[in-house]
Amino acid sequence: MISIPHKTKQFLVLLIKILIVAGAFYFIYNQLANNDQLDWQKFIVLFQKNQSFLGISFILLLSILNRYFEILKWKNLAQYIRKISVSESTKQVLAALTAGLFTPNGVGEYAGKALFFNKSEAKKVVFLNLICNGIQMVLTVVFGIFGLLYFNALYHVITPKTVLILFGIIFLLFGILFFSKKINIKGYSIEKLIHKINEIPKPIHQRNILLGICRYLVFSHQYYFLFLAFDVHLPYLILIATIASVYFLASSLPTFQFLDFAVKGSVAIYFFGILGVNEWIVVFISTLMWFLNVVLPVIIGSYYVLNFKTKNIT
């Protein structure tokens, strides 16, 4: 094995950290400055009309709560390896978010968190992060299906026959997974995965589910209150169902964190267009959600990336 001198290793780590942070800020600037769909003049006029210190503070509070619940989720799961503080969990979550900005569906986030643990614990960290993100995806699917059914019952986007076919496909897939759970692929099987999940104490799973629900409710209602701020006054259930549908469908598409708002925005334009909501409002709200829940945490996470100590890699 080729031995890399300590100073060279330090320089390479520093270079990687600078590239991650510089790349993050470049993509953030590029998406905000060169998006033709964003009409900043309309936004400024509406902002000046509806600006409220309490309103802005409330929306920012929801962003903080959204990320805080994610931090608590990781703190709760990480205790399966070793107990960490809220401060340490914050560092790991935000640094990993920054590191995963350029990877499909935030895959780089898994490696980012693993760097804060011993190499021998890397597989456990990846598995726990899968559990952490997995419960959020399950909740998105569950709420999203109910949202879609409610939305479709009112606006008949797809026919009842198509709905039955889709449910038939879902049940078929679950059946295939159930009957093939003992099939091994390179030493891995669904049965082994279920066994590994069951090894984690139930109280940890219960807290993970509860915190995941809290995060979902905060995130979806932040979207809801932003629509109210932009003078979109539709019945609560219709708005929430549409938001749930948008996040379910958008989350099903492979994407990058820095393109997250574009993907969700395009799906949102279709659904909210049916409700008669102006396209530019949908684009702005999707962009604001991305800015508040991805950009701001990434800016803070950049600090943790730049201050990451190579001694953590053991």
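**Group meeting: a walk around helix α12**

Let me start with Met289: setting aside neighbours within four places in sequence, Met289 is in contact with Phe219, Gln222, Tyr223, Leu226, Tyr247 and Val294. Before I go on, please keep in mind that this is a predicted model.

So where does Met289 belong? The largest nonpolar core has 29 residues, and Met289 is listed among those with the most contacts inside it, together with Tyr223, Phe227, Phe272, Val277, Ile281 and Ile285. Which helices feed this core? At least two residues each come from α9 (202-229), α10 (236-251), α11 (260-274) and α12. There is also a second, separate core of 20 residues, and Trp74, Ile84, Leu128 and Phe308 are included in it.

Now stay on α12 with me and look at Asn293. Helix α12 covers residues 279-306, and Asn293 is found in it. Is Asn293 buried or exposed? Asn293 counts as buried, because its relative accessible area is 2%, and the cut-off for buried is under 20%.

What does the side chain of Asn293 pair with? One polar contact, at 2.9 Å, goes to the side chain of Asn66. Another, also listed at 2.9 Å, goes to the side chain of Gln222. You may remember Gln222 from the contacts of Met289. If we leave out residues up to four places away in sequence, Asn293 touches Ser63, Asn66, Arg67, Phe219 and Gln222. I like the Ser63 pairing: Ser63 and Asn293 are separated by 230 residues in sequence, while their C-alpha atoms sit 5.9 Å apart in space.

Next, over to α9, where we find His205. His205 is buried because its relative accessibility is 18%, with the limit being under 20%. A polar atom of the His205 side chain lies 2.8 Å from the backbone oxygen of Ile197. Beyond four places in sequence, the residues His205 touches are Ile131, Ile197 and Ile200.

Finally, a look at the annotation. The unreviewed UniProt entry places "transmembrane region" at several stretches, including 126-151, 233-250 and 281-306. How do two of these look in the model? Residues 126-151 are 100% helix and 0% strand, with the end C-alpha atoms 36 Å apart. For residues 233-250, the chain is 83% helix and 0% strand, and the end C-alpha atoms are 23 Å apart.

That's my tour, thanks for listening!

Notes:
Residues are numbered from 1 along each chain as its sequence is written. This is a predicted model: local features need pLDDT of at least 70, side-chain atom pairs count only at pLDDT 80 or more; totals for chains, interfaces and linings use all residues. Side-chain values use heavy atoms; hydrogens and water are left out. Helices (H or I, at least four residues) and strands (E, at least two) are DSSP runs, numbered from the N terminus. Buried means under 20% relative accessible area, exposed over 50%, partly exposed in between (1.4 Å probe, protein chains only). Contact means heavy atoms within 4.5 Å. A polar contact is a pair of N or O atoms within 3.5 Å; within protein, one must be able to donate a hydrogen and the other to accept it, and residues adjacent in sequence count only if both atoms are side-chain atoms. A nonpolar core is a set of buried Ala, Val, Leu, Ile, Met, Phe, Trp, Tyr and Cys residues joined through side-chain atoms within 4.5 Å. UniProt positions are given in the numbering used here, feature names are shortened, and annotations may be inferred rather than shown by experiment.
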